[in-house]
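Trainee: I am new to this structure. Please take a close look at one part of it, the metal site, and start from whatever place in the chain helps to get there.

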Amino acid sequence: MIAPSILSADFARLADEAAAVAGSDWLHVDVMDAHFVPNLTLGLPVVQSLLKATDIPLDCHLMIDNPGRWAPPYAEAGAHNVTFHAEATDDPIAVARDIRAAGAKAGLSVKPGTPIEPYLEILKEFDTLLVMSVEPGFGGQSFMPEVLSKAAAVRKLVDSGELTLLVEIDGGINVDTVEAAAEAGVDCFVAGSAVYGAADPAAAVRGLRAQAAAASPHLTIVQ
Ligand code: DX5
Ligand code: ZN
């Protein structure tokens, strides 16, 4: 699955930018509060407008403090996926349950320096694990391959049937890095600058999907 990140899109033309990636699996929406990360982007009103402007399921990545207070409204608004950061709360299970109760899939995200082991036990409360492969806050940064061991560890638990969730990766995904991530067992690839920096964003999505599928060890490609 490919999830273009609108962080690299033209914020004055978000409906058109969503249409430009028609055929994407999810549209990744980076919500930043200038507290959890040193950048400020958009919030619930923009997500509510985007929901009316596109049929692509919205994958909301909340890089914010206090997700217990702010995450459920994104689910209530109709986001497909609401992902918050493990580092931002002491009670990730409660936040996940509130998101699911409000009708969305729940995602847990970890920064590059955050180990996954302390969270393995609670991943059954989640639908998605979002492994950050750059420091959250900005698009266009370089991929950090050292985070792939986290994706591979969780992939193993999924393959053995101990867990049911999608492994997502976010940051620095492009034609040079997507295959390594796919080989580690990633299911869903967020790509901002690689998609919106391309002359044809929809073609960039198709290209990344084909590259990822060809490199995915756990995927049976049905022709
Ligand atoms: C960074 C965001 C990413 C960002 C990725 O904090 O979470 O979603 O848009 O951008 P690229 O693909 O350019 O690294
Ligand atoms: Zn993101």
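Mentor: Start with Ala34, which is partly exposed at a relative accessible area of 42%. Buried means under 20%, exposed over 50%, and partly exposed in between, with a 1.4 Å probe and protein chains only. The model is predicted: local features need pLDDT of at least 70, side-chain atom pairs count only at pLDDT 80 or more, and totals for chains, interfaces and linings use all residues. Residues are numbered from 1 along each chain as its sequence is written, chains are lettered from A and ligands numbered from 1 in the order in which they are written, and side-chain values use heavy atoms, with hydrogens and water left out.

Ala34 belongs to the loop that runs between strand 2 and helix 2 (44–53). Helices (H or I, at least four residues) and strands (E, at least two) are DSSP runs numbered from the N terminus. Although Ala34 is not a glycine, its phi is positive, about 65°. Most residues other than glycine have a negative phi. Asn66, also not a glycine, has a positive phi near 55°. Asn66 sits in the loop between strand 3 and helix 3 (67–70), and its relative accessible area of 43% makes it partly exposed.

Now to the metal site. The zinc ion (ligand 2) has four residues as protein donors: His28 through NE2, Asp30 through OD, His61 through ND1 and Asp170 through OD, at 2.0 to 2.2 Å. A donor is an N, O or S atom within 2.8 Å of the metal (3.2 Å for Na, K and Ca); water is not among the atoms, so sites may look incomplete. Along the chain the donors follow the spacing H-x1-D-x30-H-x108-D. His28 lies in strand 2 (residues 27–32) and His61 in strand 3 (residues 58–63), so this pair ties together parts that are 33 residues apart in sequence.

The geometry is octahedral, with 6 donor atoms around the zinc ion and angles of 71 to 173° among them. Six donors count as octahedral if opposite donors are over 155 degrees apart and all others between 65 and 115.

Both histidines are out of reach of the probe. His28 is buried, at a relative accessible area of 0%, and His61 is buried with a value of 0%. His61 has polar contacts with other donors as well: its side chain is 3.1 Å from the side chain of Asp30, and a contact of 3.1 Å joins it to the side chain of Asp170. A polar contact is a pair of N or O atoms within 3.5 Å; within protein, one must be able to donate a hydrogen and the other to accept it, and residues adjacent in sequence count only if both atoms are side-chain atoms.

Asp170 leads on to ligand 1. It is among the closest of the 20 residues that surround ligand 1, together with Ser5, Gly137, Gly192 and Ser193. A residue is counted here if one of its heavy atoms lies within 4 Å of the molecule. Three contacts with oxygen atoms of ligand 1 can be followed one by one. A polar side-chain atom of Ser5 is 2.7 Å from an oxygen atom. Gly192 uses a backbone N or O atom instead, at 2.8 Å. His28, a zinc donor, also has a side-chain N or O atom 3.3 Å from an oxygen atom of ligand 1.

Next to Gly192 in the numbering is Ala191, which lies in strand 8 (residues 188–191). Ala191 is buried, at a relative accessible area of 1%. Its C-alpha atom is 8.9 Å from that of Ile169, although 22 residues separate the two in sequence.

For contrast, return to the far end of the loop that holds Ala34. Leu44 is in helix 2 and is partly exposed, with a relative accessible area of 23%. From the C-alpha atom of Leu44 to that of Ala204, 160 residues apart along the chain, the separation is 28 Å.

Definitions and conventions: Four donors count as tetrahedral if all angles lie between 85 and 135 degrees; four count as square planar and six as octahedral if opposite donors are over 155 degrees apart and all others between 65 and 115; anything else is irregular.
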